[in-house]
Amino acid sequence: MRWKTCIASALAMATLAACSTSPTGRSQMLLMDESQLNQMGAQAFSQYQQQLPTVGGAQLNYVQCITNDIVAVLPPEQRNQNWQVKVFESDDANAFALPGGYVGVNTGMFKVATNQDQLASVIGHEIGHVLAHHANERASTQNLTQLGMSVGGTLLGANGVAGSDQIMAAMGLGAQYGVLLPFSRNHESEADVIGLQLMADAGFNPQASIDVWRNMESASGGQPPEWASTHPSHGSRIAGLESEMGDAMSRYQQAQAAGRTPNCKA
């Protein structure tokens, strides 16, 4: 059908505009300007500080110490950024890293990640999102999906396709569960792998990454079905980490032999 061809052509043109490769070798599409994303990261970090009180002292020093050790093994472009770290007073077990070099950890995370190695797996995972330009890829995918939906709606209406409203509703559902949510799960799984490598290269024991997800599984009251979630199930994440553990342990042993022996204390 003509309208399908037009949609495919529009999406293909946008896809060709910015092809790239993630740190794990996965093909990705990046349409956003990185400097713009860095500015957005700075704005989001500032807003978060306005919404939640920050914590200093030993807890901040602890998170800063772990972050410094991980940043030290990043590629030069990211390593040379002025990374800013904040600890936020919140019971939510949450942490994040943003484009531009910003790391935030909620105090609730300390109940799940109970030692330096476990917290390093969390921070490594979040920095992994930044290294893989997931924010850029996510925004690019959403923009392309909206473009496809817009073009599709215009062409359906222009050609008088019977039941066009129902078709557009089905397209929206398909975009949500067929593109956007699985895409987020791919990001999470990829960040798990990158984070595992980062923590191991920094000298943190990668086995602790599995302990974190077991702790998270015990602490959580339940998850939505994996097909309807932006995150893989805890079991899927543990299985994925276990499959990468051989390489991670080798990297960890090399880091330890090279004298990278972190000693961060809360």
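Which strands does helix 3 (residues 57-71) lie across? The legends below take up this point along with other views of the predicted model.

**Figure 1. Overview of the protein chain in the predicted model.** The secondary structure consists of nine helices and six strands. Of the 266 residues in the chain, 45% are buried. The accessible surface amounts to about 12900 Å², and carbon and sulfur atoms account for 51% of this area. When contacts between residues at least 6 apart in sequence are considered, 72% of them join residues at least 24 apart.

**Figure 2. The open sheet and its strand order.** Four strands make up this sheet, arranged as 3-4-6-5 with mixed pairing. Strand 3 (54-55) and strand 5 (95-98) are the edge strands, each of them pairing on one side only. Strand 5 runs antiparallel to strand 6 (residues 102-106), and four bridges join the two. Within this pair, Phe96 stands opposite Gly104 of strand 6.

**Figure 3. Helix 3 and helix 5 against the strands.** Helix 3 lies across strand 3, strand 4 (84-88) and strand 6. Relative to strand 4, helix 3 runs at about 140°. Helix 5 (residues 116-131) packs on the sheet, where it touches strand 5 and strand 6. The direction of helix 5 makes about 30° with that of strand 5.

**Figure 4. Helix 9 and its bend at Met245.** Helix 9 spans residues 234-257, a total of 24 residues. From the first C-alpha to the last, helix 9 reaches 32 Å, close to the 34 Å expected at 1.5 Å a residue. A bend of about 55° occurs at Met245, and Met245 is one of the buried residues of the helix. Other buried positions in helix 9 include His234, Ile238, Ala248, Met249, Tyr252 and Ala255. Just after the helix, Gly259 adopts a positive phi of about 95°.

**Figure 5. Surroundings of Asp192 in helix 7.** Asp192 belongs to helix 7, which covers residues 164-201. Asp192 counts as buried because its relative accessibility is 9%, below the 20% cut-off. Apart from neighbours within four places in sequence, the residues in contact with Asp192 are His125, Trp213, Arg237 and Leu241. Arg237 and Leu241 are among the buried residues of helix 9.

Notes: Residues are numbered from 1 along each chain as its sequence is written. This is a predicted model: local features need pLDDT of at least 70, side-chain atom pairs count only at pLDDT 80 or more; totals for chains, interfaces and linings use all residues. Side-chain values use heavy atoms; hydrogens and water are left out. Buried means under 20% relative accessible area, exposed over 50%, partly exposed in between (1.4 Å probe, protein chains only). Contact means heavy atoms within 4.5 Å. Accessible areas come from the Shrake-Rupley method with a 1.4 Å probe; for residues, only the protein chains shown count as cover. The expected span of a helix is 1.5 Å times one less than its number of residues. The bend at a residue is the angle between axes fitted to the seven residues ending there and the seven starting there. Two strands pair if DSSP finds at least two bridges between them. Axes are lines fitted to C-alpha atoms, for helices over the stretch in contact, and angles run from 0 to 180 degrees between N-to-C directions.
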